[in-house]
Amino acid sequence: MGAEAAAGYWTAMSQENVELVRRLQPTPETDLVALFRSEAGAERLTEVLGPFVHEDFVIDGAGIQAGGRVGLEGLKAGWLDWLEPWETYRTEIEDVIDAGDDVVVLVRDYGRRRGLTGEVSIRGGAVWTVRNGKIARATFYTDREAALEAVGLRE
């Protein structure tokens with residue numbers, strides 16, 4: 001494969017990674033607390049994500065048990081770790097950035113903690129690592145600058 005063909009191949013693969021990660025993000029109106037805490041929601045999540053996630057998938061980062069969580073069960077447990085103090089929680093994508101095997105998703109999250117009436121907003125990010133067409137790792141950051149720095153970029 002020549003240099004030009006290789007560059008085209010890697011660009012296409014990177015674009016596929018971006019499209020995969022974007023497709024797996026929840027819609028802005030999805031209440032993640034309701035999704036992850038309900039048995040039906042958790043089953044649906046496993047059904048939808050299963051074909052796109054490696055068996056040894058790791059989720060780690062902000063609010064998730066130290067050392068991360070592994071597999072689809074780990075994905076659900078990791079989100080439950082993060083969502084524990086929240087009554088409602090939703091996320092809106094602001095940008096998706098191609099970083100080769102990694103895809104950075106910059107978000108604005110909105111949530112209401114138990115016992116409070118006002119909603120708060122968090123500007124964060126996540127780095128999703130794609131290996132062989134499947135998600136291998138997701139690392140979440142409450143500081144989007146840290147997410148960008150994790151892949152060698154700056155805001």
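How many helices and strands does the chain have? There are five helices and six strands. Both are DSSP runs numbered from the N terminus, with H or I over at least four residues for a helix and E over at least two for a strand. Along the sequence, they follow the pattern α-α-α-β-β-α-β-β-β-β-α.

This is a predicted model, in which local features need pLDDT of at least 70 and side-chain atom pairs count only at pLDDT 80 or more, while totals for chains, interfaces and linings use all residues. Residues are numbered from 1 along each chain as its sequence is written, and side-chain values use heavy atoms, with hydrogens and water left out.

Start with the whole chain. Of its 155 residues, 40% count as buried. Buried means under 20% relative accessible area, exposed means over 50%, and partly exposed lies in between (1.4 Å probe, protein chains only). Now take the contacts, meaning heavy atoms within 4.5 Å. Among contacts between residues at least 6 apart in sequence, 50% join residues at least 24 apart.

Next, look inside. The largest nonpolar core has 30 residues. Such a core is a set of buried Ala, Val, Leu, Ile, Met, Phe, Trp, Tyr and Cys residues joined through side-chain atoms within 4.5 Å. W79, L83, Y89, W128, I135 and F140 have the most contacts inside the largest core. There is also a second, separate core of seven residues, including I97, V104, V127 and V151.

Y89 is a good residue to follow. Leaving out residues up to four places away in sequence, Y89 touches T30, D31, L32, V33, W79, W82, L83, D109, Y110, G111 and I122.

Move on to W128, in strand 5. W128 counts as buried because its relative accessible area is 10%. Beyond four places in sequence, its contacts are V21, Q25, D101, D102, V103, V105, I135, R137, A138 and F140. V21 is 107 residues from W128 along the chain, yet their C-alpha atoms are separated by 7.2 Å.

One of those contacts, A138, sits in strand 6. A138 has 0% relative accessibility, so this residue counts as buried. Outside its neighbours up to four places away, A138 touches F57, V58, I59, D60, V127 and W128. The C-alpha atoms of A138 and V127 are 5.7 Å apart, with their positions 11 residues apart along the chain.

What joins strand 5 to strand 6? Find N132 in the loop between these two strands. N132 counts as exposed because its relative accessibility is 74%. Its phi is near 55°, a positive value in a residue other than glycine.

Now turn to helix 4. This helix has 13 residues and reaches 18 Å from its first C-alpha to its last. That is close to the 18 Å expected at 1.5 Å a residue, where the expected span is 1.5 Å times one less than the number of residues. Its buried residues are G71, G74, L75, K76, A77, G78, W79, W82 and L83. L80 also belongs to helix 4. However, L80 is partly exposed, because its relative accessible area is 34%. Past four places in sequence, L80 touches F36 and R37.

T46 gives a link from helix 3. T46 has 28% relative accessibility, so this residue counts as partly exposed. Aside from neighbours within four places, T46 is in contact with L72 and K76. The C-alpha atoms of T46 and L75 are separated by 9.4 Å, and the two residues are 29 apart along the chain.

Finish with the largest pocket. About 640 Å³ of space lies in it. On a 1 Å grid over the protein atoms alone, a pocket is an open set of points where a 1.4 Å probe fits, with protein on both sides within 12 Å along at least five of seven lines. Points are joined across faces, edges and corners, and the volume is the space filled by probe spheres set on them. The pocket is lined by 36 residues, and the closest to its centre are L24, Q25, P26, L32 and W79. Lining residues have an atom within 4 Å of a point.

Which strand gives the most to this lining? Strand 5 does, with five residues. By type, the lining divides into 25 nonpolar, eight polar and three charged residues. Here Ala, Val, Leu, Ile, Met, Phe, Trp, Tyr, Cys and Pro count as nonpolar, Asp, Glu, Lys and Arg as charged, and the others, Gly among them, as polar.
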